[in-house]
Structures are given as C-alpha cells and as structure tokens.
Amino acid sequence: MTDTAAAQEEHRVNDGTEPTGTSDVIAGAGPVGRPGERATVRLREGEAEEAPRYAPEWLQLREPADADARALGLLEPLGKRLAELPSQEGGLVIHDLGCGTGSMGRWLAARLDGPQHWVLHDRDPYLLHFAAVASPRVAADGSRVTVETRRGDVARLTPDALSGASLVTASALLDVLTRPEIETLAAACAGAGSPALLTLSVAGRVEFASPDPLDADLAEAFNAHQRRGGLLGPDAVTAAGEAFAGHGASVRVHPSPWRLGPEHAALTAQWLRGWVGAAVEERPALRARAEDYLRDRLAACEAGELEVVVHHSDLLALPRPVEA
C-alpha cells in the first residue's frame with residue numbers, strides 16, 4: 001500500500017509541479033500501471049463503481065521491506081491472546097482489511113499456529129483475485145489455511161461484518177483514514193471482541209545517512225500532504241491508540257521502520273520520487289530546489305551510496321478479556 005495514499009481526489013504528480021525524474025508517480029504510493037489510476041483502499045460515497053486502484057507493481061516492490069519492518073515483538077502477546085480464544089471449527093478467522101495483493105497474509109499466516117481462515121477485504125476485484133491466488137496454504141505448524149474474498153468499504157465496517165473474527169489485521173491502512181473512520185474501525189473490532197494488528201502506518205519521520213538541508217522542509221511538506229482531506233497521515237497511530245483504548249482495549253505500539261540500503265535501490269528510488277513529488281505538490285515553492293535534490297539523491301541511490309530509514313509504527317490492540 002501507500003506509503004500513504006491520496007484520498008477523495010486524484011493527487012498525481014504530473015501537473016506542472018512535478019520534479020524532474022518523476023513520471024506517472026502517485027505521492028507515496030509508487031508506480032501506476034494505467035492512466036487515471038490512483039491509490040485508495042476503500043470505496044467512498046460518490047465514487048465510481050470502477051474507481052482507480054493501487055498499482056500492484058508498487059505493492060509487490062515494497063513487500064520484502066514491509067516483511068522485514070513489521071514488529072515481531074507484537075506477535076508474542078498476540079499469540080498468547082489467540083491461544084486463549086475458545087476453539088472453533090476451522091480454527092482462527094482473520095480479517096485482512098485493505099488486503100491489496102495479500103502481503104499481510106503471506107507474512108502472518110506462516111507465523112501463527114493452527115488452522116486459519118482468512119477473509120480478505122478490498123475494494124478492488126483485481127487485487128482481491130491476486131491476493132486469493134497468492135495466499136498461503138499452510139500455517140506455521142503445517143495446518144491448513146483457507147481464504148475468501150469480500151469487496152467493499154473497510155471504512156464502514158460494523159461488528160456484524162466481523163462477527164466470529166479471531167483477529168483483524170491490516171497493513172499501511174491507518175494513515176489513509178480519517179478520525180471518524182478510525183473510530184468506526186475501533187468500534188467494529190470492539191463490538192466483535194476481536195484483537196487488531198495494524199502495521200506499517202507512517203510515522204512522519206525520515207532519516208538519511210547523509211543529511212541534506214532540504215530534508216526537513218520536504219518532510220514537513222510531505223506530512224502536510226498526508227493530512228489532506230482530513231486524513232490522519234502521521235497522526236493516525238496516536239488517534240487509533242486513543243480510539244481503541246476508548247473502547248477498553250490495551251494498546252501496544254512498536255516501531256517498524258524501513259531500513260533502505262543499496263540492496264533496496266529500486267524501492268528507494270520509487271519511494272523518493274513519491275516522497276519528493278508529494279512535498280512539491282503540497283508546496284510548489286520547493287520545486288526548483290527539489291529538482292536538484294531529487295536528481296542528486298537518485299544518482300546516489302543508483303551508485304549504491306544512499307541509505308535511508310523511513311519510520312513506521314505497528315499497533316496491537318487487545319480487547320478486554322470476556323468474563324466467563
């Protein structure tokens with residue numbers, strides 16, 4: 001997914017504010033396959049039936065970095081809670097919201113024991129098909145993993161939609177939600193009594209091994225871009241923690257940074273184009289300096305000399321145990 005997606009309107013970086021070296025790039029969301037596509041994870045009122053989609057190429061490009069970044073430290077408390085659940089036929093039922101190409105399932109299913117049934121939610125039928133075909137078939141202990149798909153709006157979930165869920169999970173989702181949408185998500189999880197593991201939300205911080213005076217200005221502009229249209233962007237994890245805690249859940253947050261080096265050159269270059277492009281779209285006055293900045297950073301990336309940490313956060317919300 002994103003890093004985060006533009007919402008409610010198309011935020012493509014090809015409108016005259018585009019820095020040299022970018023082409024068909026969505027801010028924070030990677031390459032686009034066809035004209036008119038943009039990044040989004042959910043249907044909204046008034047959107048066309050065949051609304052644009054995340055580019056699967058971007059989702060595939062970032063999957064290895066996502067897998068390395070997710071906070072393994074959250075799996076122990078999650079596993080303990082899942083082990084306490086009453087056994088049910090078919091094992092764990094896991095809802096993956098905004099599943100994209102299914103990378104979360106490929107990462108998590110193999111780290112959980114016992115049979116699992118994954119319910120994949122996305123608004124894009126193409127991505128749902130991709131995710132289902134590429135879904136894992138066995139759990140950590142060799143148990144069977146099955147899958148079903150549901151197309152729809154993950155921002156308007158109800159407890160009924162999550163009825164019977166053992167776990168709700170998502171990747172790079174929170175930062176493209178508004179505060180009311182996060183409250184809806186927290187309320188639905190609480191109503192279903194389901195834990196939530198929500199990974200890879202942008203934290204609003206970027207650290208280059210070789211700092212540049214323009215880094216801070218671009219980061220500030222990028223973060224402002226992420227907050228367009230009422231989206232929470234880098235404020236999402238704090239808001240989600242408050243929302244889940246307000247429903248009685250215990251909340252843990254762990255860092256989950258991308259640590260990008262020479263071996264991640266393709267991802268780093270694409271992320272850079274989106275990061276700079278979003279910043280320039282938000283503050284066109286940065287354009288002239290950003291052109292030189294992007295050219296130099298991309299050259300360093302191609303030479304294997306660029307290292308950058310892109311900070312994210314993972315959140316685990318455990319509902320209050322149900323009393324017997």
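R283 has a relative accessible area of 31% and is therefore partly exposed, where buried means under 20% relative accessible area, exposed over 50%, and partly exposed in between, with a 1.4 Å probe and protein chains only. The structure is a predicted model, in which local features need pLDDT of at least 70 and side-chain atom pairs count only at pLDDT 80 or more, while totals for chains, interfaces and linings use all residues. Residues are numbered from 1 along each chain as its sequence is written, and side-chain values use heavy atoms, with hydrogens and water left out.

R283 is placed in the loop between α8 and α9 (287–302); helices (H or I, at least four residues) and strands (E, at least two) are DSSP runs, numbered from the N terminus. Along the chain R283 and D217 are 66 residues apart, and their C-alpha atoms are separated by 9.6 Å. Helix α9 contains R289, which counts as partly exposed because its relative accessibility is 47%. Between the C-alpha atoms of R289 and L214 the separation is 8.0 Å, with the two positions 75 residues apart in chain numbering.

Two further pairs link positions that are apart in sequence. V93 belongs to strand β3 (residues 92–97) and, at 16% relative accessibility, counts as buried. From C-alpha to C-alpha, V93 and S163 are 9.6 Å apart in space, against 70 residues in sequence. P125 is part of helix α4 (residues 125–133) and is partly exposed because its relative accessibility is 40%. The C-alpha atoms of P125 and G152 are separated by 9.5 Å, and these residues are 27 apart along the chain.

Backbone torsions were examined next. A172 has a phi near 55 degrees, which is a positive value in a residue other than glycine. This residue, A172, sits in the loop between β6 (167–171) and α5, and a relative accessible area of 1% makes A172 buried. L200 likewise has a positive phi in a residue other than glycine, with a value near 60 degrees. In contrast to a loop position, L200 lies in strand β7 (residues 196–208). With a relative accessible area of 0%, L200 is buried.

Two packed helices are described by the angle between their axes and the distance between the axes. For helix α5 (residues 179–192) and helix α7 (residues 236–246), the axes come within 9 Å and cross at roughly 40 degrees. Axes are lines fitted to C-alpha atoms, for helices over the stretch in contact, and angles run from 0 to 180 degrees between N-to-C directions. The two helices, α5 and α7, are therefore oblique to each other, given that angles under 35 degrees count as roughly parallel, over 145 as roughly antiparallel, 65 to 115 as roughly perpendicular and the rest as oblique. The crossing of α5 and α7 is right-handed, meaning that the near helix is turned clockwise from the far one by less than a right angle, whereas an anticlockwise turn is left-handed.

Voids were located on a 1 Å grid over the protein atoms alone: a cavity is a set of points where a 1.4 Å probe fits but cannot get out, a pocket is an open set with protein on both sides within 12 Å along at least five of seven lines, and lining residues have an atom within 4 Å of a point. Grid points are joined across faces, edges and corners, and a volume is the space filled by probe spheres set on the points.

The largest pocket has a volume of about 580 Å³. Its lining consists of 27 residues, and R81, L82, E84, L85 and P86 lie nearest the centre. Helix α2 (residues 75–83) supplies the largest share of this lining, five residues. By class the lining of the largest pocket comprises 14 nonpolar, eight polar and five charged residues; Ala, Val, Leu, Ile, Met, Phe, Trp, Tyr, Cys and Pro count as nonpolar, Asp, Glu, Lys and Arg as charged, and the others, Gly among them, as polar.

There are five cavities of 30 Å³ or more. The second largest cavity has a volume of about 80 Å³. Twelve residues line this second largest cavity, and V202, G204, V206, F222 and V310 are the closest to its centre. At least two lining residues each come from β7, α6 (215–226), α8 (265–282) and β10 (308–318), and β7 gives the most, with five. The lining of the second largest cavity divides into seven nonpolar, three polar and two charged residues.
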